[in-house]
Each structure stands twice: as structure tokens, then as C-alpha cells.
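Colleague: I have just opened this one and would like a walk through it. Where do we begin?

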Amino acid sequence: MSPAPGIGFSGAASVEGTALFSGLTLAMAPGRWTCLLGASGVGKTTVLRLIAGLAAHVDFEGSITATDGQPLQDRIAYMAQSDLLLPWLSLPENVAIGARLRGGRPDLARARDLLARVGLGDHLDKRPAALSGGQRQRVALARTLMEDRPVILLDEPFSALDARTRADMQDLAATQLAGRTVLLVTHDPGEAARLGEAIHVMAPGSARSFDVPPVPVPRPVDHPDTLALQGRLHAFLRKGAPA
Amino acid sequence: MRLRHALASFALLIAVWQAVVWLAGLPHFILPSPLRVFTELWDSRALIGEHALVTLGEVLLGMAIGTVLGIATALHLALSPRARQLLGPILVFSQAIPVFALAPVLTLWLGYGLWSKIAMAVLIIYFPVTSSFLDGLLNTPQGYLDLARAMQARPGQVLLRIRIPAALPNLGTGLKLAAVYAPIGAVIGEWVGASRGLGYLMLLANGRAKTDLMFAAVLALCAMSVVLYLLFDALSRHLAARATGG
């Protein structure tokens with residue numbers, strides 16, 4: 001894996017003439033977790049999709065750059081709320097699908113190793129349909145790790161999980177993705193408080209950064225600093241962006 | 001359970017049929033009783049079997065050719081928006097032509113032999129196979145395509161590894177319809193001009209007032225269609241189960 005670059009994002013986006021956001025500036029530090037928090041519909045997923053090159057229908061004016069000046073496109077791995085496992089493939093084949101899709105040879109041995117690393121070593125012969133929601137997201141995480149990209153874009157990947165599974169997945173992802181530049185889009189203040197080394201809250205038209213405590217991520221769910229930050233984020237989300 | 005329901009509804013049909021024969025007092029050359037038809041089916045099993053094999057051959061060949069053409073067309077249309085714009089309306093318009101109306105001209109072009117019947121079967125199944133498979137190919141879940149794009153996938157690989165497997169249940173639905181339609185196509189072809197096949201046998205029996213033989217041939221045709229349908233239904237379920245991992 002090449003060294004993780006930072007990412008600078010600034011610009012305005014609209015869909016068919018309706019503005020989603022304008023004058024938005026975000027900086028993602030290299031090798032760090034940046035959380036983009038906000039209510040539904042403020043355009044936080046659009047920001048992520050623009051960086052991922054998945055927003056063909058969005059008119060974007062601005063710039064998305066890596067701090068090392070190199071193109072971003074082939075240095076990104078993407079993980080969504082839906083696990084996007086292909087039901088007709090085995091777990092190792094799912095994890096190794098990237099190489100197949102690029103016309104190469106999949107390294108199934110490495111895929112099995114990664115599945116073991118995310119705690120699914122006993123389930124290697126199963127099909128996705130035989131797994132729970134949390135286990136499926138673990139497979140998706142293994143697939144993301146398999147891509148071995150320095151930049152990871154996470155679009156609410158844990159929001160469909162129950163509270164306990166979600167916390168487990170947050171721990172696992174934080175450990176496994178350490179050292180990479182991660183952008184996590186979420187609407188959950190608790191998740192941002194646990195994982196964000198930088199936290200931006202997006203409101204219509206702007207983004208505000210929050211200071212984070214010096215506790216290393218993943219911060220314990222019951223740490224007073226985590227809870228205090230979660231409370232501040234939650235309160236801010238409820239009253240909306242002050243003018 | 002399904003078998004028991006099927007047998008029950010079949011028994012009901014036979015009972016109604018027998019009741020109509022009894023109550024209306026119809027002569028057997030107008031409407032033969034079920035027993036007469038089954039007896040005829042047994043007594044003429046060699047004759048009916050011989051003609052049924054001919055029809056079955058036409059149906060299977062028609063299905064094979066129609067399916068290959070349908071799949072090829074659907075793939076082509078799925079890959080080329082230009083072709084979709086250009087050929088889509090023609091495809092729909094072609095469905096407005098009753099296939100029955102084309103039977104005489106197909107016989108004129110292809111002769112009285114096997115090929116005019118196969119062509120009828122191909123024509124009648126081509127549209128359902130093409131449109132159902134195309135529908136599946138054009139409705140790949142967007143999330144899969146996003147993932148593939150983020151992975152810098154090659155379009156050909158996306159088609160092979162994601163779009164086609166995801167569309168197989170739709171193809172199964174099309175094949176199920178084709179299994180029901182193809183025998184109709186073959187029999188229409190035989191009506192227009194043939195010297196063999198169940199359609200020919202029906203016309204022959206009807207013309208000689210052998211109504212029980214005609215009904216026996218119809219039963220044989222129904223049985224063939226039902227078996228084909230069940231086979232393709234099983235295939236379609238298998239494809240759907242594979243695509244959903246169920």
C-alpha cells in the first residue's frame with residue numbers, strides 16, 4: 001500500500017439546478033479518521049460519492065485533491081450501508097471480487113486470511129445468505145481490506161446494525177483500517193464521537209468542525225470524554241446550524 | 001402438497017367434463033366422455049407418441065434457437081443504448097403482429113417440413129425471452145455497480161460477474177413463459193401445413209370425425225406442455241435461489 005494521502009475538498013454541488021451545498025471546504029488529514037456528521041439530506045453522502053467518483057448525476061464545481069498531488073481514483077476503497085455481497089459467490093470469492101472485476105486473478109488464500117482476521121474463520125464455506133447482518137458487514141470490511149487502498153470511504157456502513165454489533169464493528173474497523181485516510185459519513189453522533197479524529201458536522205450550506213478529546217480511537221463507548229462529545233454533537237444536530 | 005392440489009383440480013376438471021357429457025346427452029363425436037378419450041389415448045399410444053415426438057423435437061429446437069437469439073439480443077440491447085433506441089420500438093411493434101397471421105407465409109418460405117414449425121416456435125418465444133432477460137440486465141442493483149466502479153472494474157467483467165448473474169432469475173421467468181408458448185407455435189405451424197406432428201394429427205382426426213382421437217392428441221399436447229413448464233419452473237427456481245443465495 002502506498003502512503004496514505006490527505007484529501008482536500010472544496011466546492012459547490014447541485015442536482016438538476018437545485019443546490020445541495022455551496023462553499024463547502026473540508027480537509028481530511030492523512031492516515032486519520034475524519035467523520036462527516038449530519039442529518040439526512042444535507043449532502044454528506046454526496047461529498048463521499050464525489051470523492052469516490054460515483055456522483056455522475058451531480059453538477060460539481062470545485063476541487064477534490066490529494067495532498068501528494070497524485071490522482072485519487074485508483075487509491076480508494078468504498079464501503080456502503082448495504083454490504084453489497086454477491087449472493088451467488090462464496091465468502092472468499094466475494095472478498096476477492098475486486099481482482100476478478102479488474103480482469104485479474106483473485107488471491108483466495110489472502111481473502112481467507114482476511115476473513116479470519118475479521119473473525120469469520122469458522123464461516124469460510126458459507127454463502128452470504130447464511131450470515132447475520134453483522135457478519136455480512138464483516139465480510140464487506142474484509143473485501144475493503146482486500147483492496148488494500150490508502151483511502152477508505154465509509155458511507156454509513158454500520159447504521160443498519162444493532163447497538164452491540166455496531167460497537168464491535170466500530171472497534172474492528174478502527175483497528176483494521178489504522179494508518180489509512182478514512183472518511184466516515186454518519187448520522188450517528190455516538191459513532192462520530194467514538195471514531196472521529198476530526199469531526200465535521202454538515203448543515204445546509206456549511207460545515208462546522210468540532211474539537212475532539214485526546215483519547216485515541218476507537219474511544220471506549222463509556223469514556224466520559226466520548227459521552228461528553230457525543231452529547232455536544234447531538235445537541236448541535238438537534239438545534240441545527242446557528243446562523 | 002402441490003401435487004395433491006394439482007391432482008384435485010385435475011379430478012375436478014374430469015368430473016365437470018363427465019357431468020356435461022351426461023347432462024347434455026351429447027353424442028361422442030361431438031364431445032367424447034373422459035373415459036373414451038383416455039381409452040383412445042391408450043389404444044393409439046403408438047400413433048400419438050410418434051406424432052408427439054415430432055412436435056417435441058420442433059418445440060425443443062425452437063426453444064433452443066429462440067433462447068440463444070433472445071439472450072444474444074438482450075445482451076446487445078443492454079450494452080448499446082443506441083441499439084435500444086433503434087430496435088426497442090421494432091421489437092414492441094413486432095409483438096403487435098399476430099404470430100398466427102405469419103404461419104402461412106412462413107410455410108410458403110420454409111416449406112412443409114420441420115423448419116416452418118421451428119420458426120413459429122422461435123418467433124413466439126423470442127420476445128418473452130428477450131424482454132425478460134433485458135429487463136434483468138438493465139435493473140442491476142445500483143449498489144453493485146457503484147462498488148464495481150469504485151474497484152475500477154472492466155465493463156466486460158461487470159457484465160459477466162455481476163449483471164448477467166443478477167439477471168438470471170429474469171431469464172428463468174422468460175424461459176418459463178417460453179415453455180408454455182413454444183408448443184403453441186409448433187402446433188400452429190403444423191395446422192397450416194404438415195404431414196407429421198400433434199397439430200397435424202388433430203386436424204386429421206377432426207376431419208374424420210374421430211373426436212376422441214383429437215381430444216387424446218390435445219391431452220398429449222397438454223401433458224407435454226405441463227412437463228416442459230415444470231422443468232423450466234424448476235430451472236427458474238434454481239436460478240432465483242442461486243441469485244438470492246436462498
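Modeller: With a term: a crossing is left-handed if the near helix is turned anticlockwise from the far one by less than a right angle, and right-handed if clockwise. Helices (H or I, at least four residues) and strands (E, at least two) are DSSP runs, numbered from the N terminus.

Colleague: What else should I know before we look?

Modeller: This is a predicted model: local features need pLDDT of at least 70, side-chain atom pairs count only at pLDDT 80 or more, and totals for chains, interfaces and linings use all residues. Residues are numbered from 1 along each chain as its sequence is written, chains are lettered from A and ligands numbered from 1 in the order in which they are written, and side-chain values use heavy atoms, with hydrogens and water left out.

Colleague: Chain B, then. How many helices and strands does chain B have?

Modeller: Ten helices and zero strands. The C-alpha atoms of chain B fill a box of roughly 75 × 50 × 30 Å along the principal axes.

Colleague: How much of chain B is buried?

Modeller: Of its 246 residues, 43% are buried. Buried means under 20% relative accessible area, exposed over 50%, and partly exposed in between (1.4 Å probe, protein chains only).

Colleague: And the surface of chain B?

Modeller: The accessible surface of chain B is about 13,200 Å², with 71% belonging to carbon and sulfur atoms. Areas come from the Shrake-Rupley method with a 1.4 Å probe, and for residues only the protein chains shown count as cover.

Colleague: Back to crossings. Which way does H8(B) pass H9(B)?

Modeller: That crossing is right-handed. H8 of chain B covers residues 155-192, and its axis comes within 7 Å of that of H9(B), crossing at roughly 50°. Axes are lines fitted to C-alpha atoms, for helices over the stretch in contact, and angles run from 0 to 180 degrees between N-to-C directions.

Colleague: What do you call that arrangement of H8(B) and H9(B)?

Modeller: The two are oblique to each other. Angles under 35 degrees count as roughly parallel, over 145 as roughly antiparallel, 65 to 115 as roughly perpendicular and the rest as oblique.

Colleague: Which residues meet there?

Modeller: From H8(B), B:Val187, B:Glu190 and B:Trp191; from H9(B), B:Leu198, B:Gly199, B:Tyr200, B:Met202 and B:Leu203. Contact means heavy atoms within 4.5 Å. By class, this contact has six nonpolar, one polar and one charged residues. Ala, Val, Leu, Ile, Met, Phe, Trp, Tyr, Cys and Pro count as nonpolar, Asp, Glu, Lys and Arg as charged, and the others, Gly among them, as polar.

Colleague: What about H9(B) against H10(B)?

Modeller: H9 (residues 198-207) and H10 (residues 211-244) of chain B pack at about 160°, with their axes 8 Å apart. The angle makes them roughly antiparallel. H9(B) passes H10(B) in a left-handed crossing. Among the residues in this contact are B:Leu201 and B:Ala205 of H9(B) and B:Met214 and B:Leu221 of H10(B). By class, the contact has eleven nonpolar, one polar and no charged residues.

Colleague: Anything odd between those two helices?

Modeller: B:Ala209 is in the loop between H9 and H10 of chain B. B:Ala209 has a positive phi of about 55° although it is not a glycine.

Colleague: Is B:Ser236 buried or exposed?

Modeller: Buried, at 8% relative accessible area. B:Ser236 is in helix H10 of chain B. Leaving aside neighbours within four places in sequence, its contacts are B:Gly172, B:Thr173 and B:Lys176.

Colleague: Over to chain A. Which residue there has a positive phi of about 45°?

Modeller: A:Glu156, which is not a glycine. A:Glu156 is in the loop between strand S6 (151-155) and H6 of chain A, and counts as buried at 8% relative accessibility.

Colleague: What sits on either side of that loop?

Modeller: A:Ile152 lies in strand S6 of chain A and is buried, at 0%. A:Met169 is in helix H6 (residues 163-176) of chain A and is buried, also at 0%. Beyond neighbours within four places in sequence, A:Met169 is in contact with residues including A:Gly134, A:Leu141 and A:Phe158.

Colleague: Where is the cis peptide bond?

Modeller: From A:Val217 to A:Pro218, with omega near -5°. A:Pro218 is in the loop between strand S9 (206-210) and helix H8 (224-239) of chain A.
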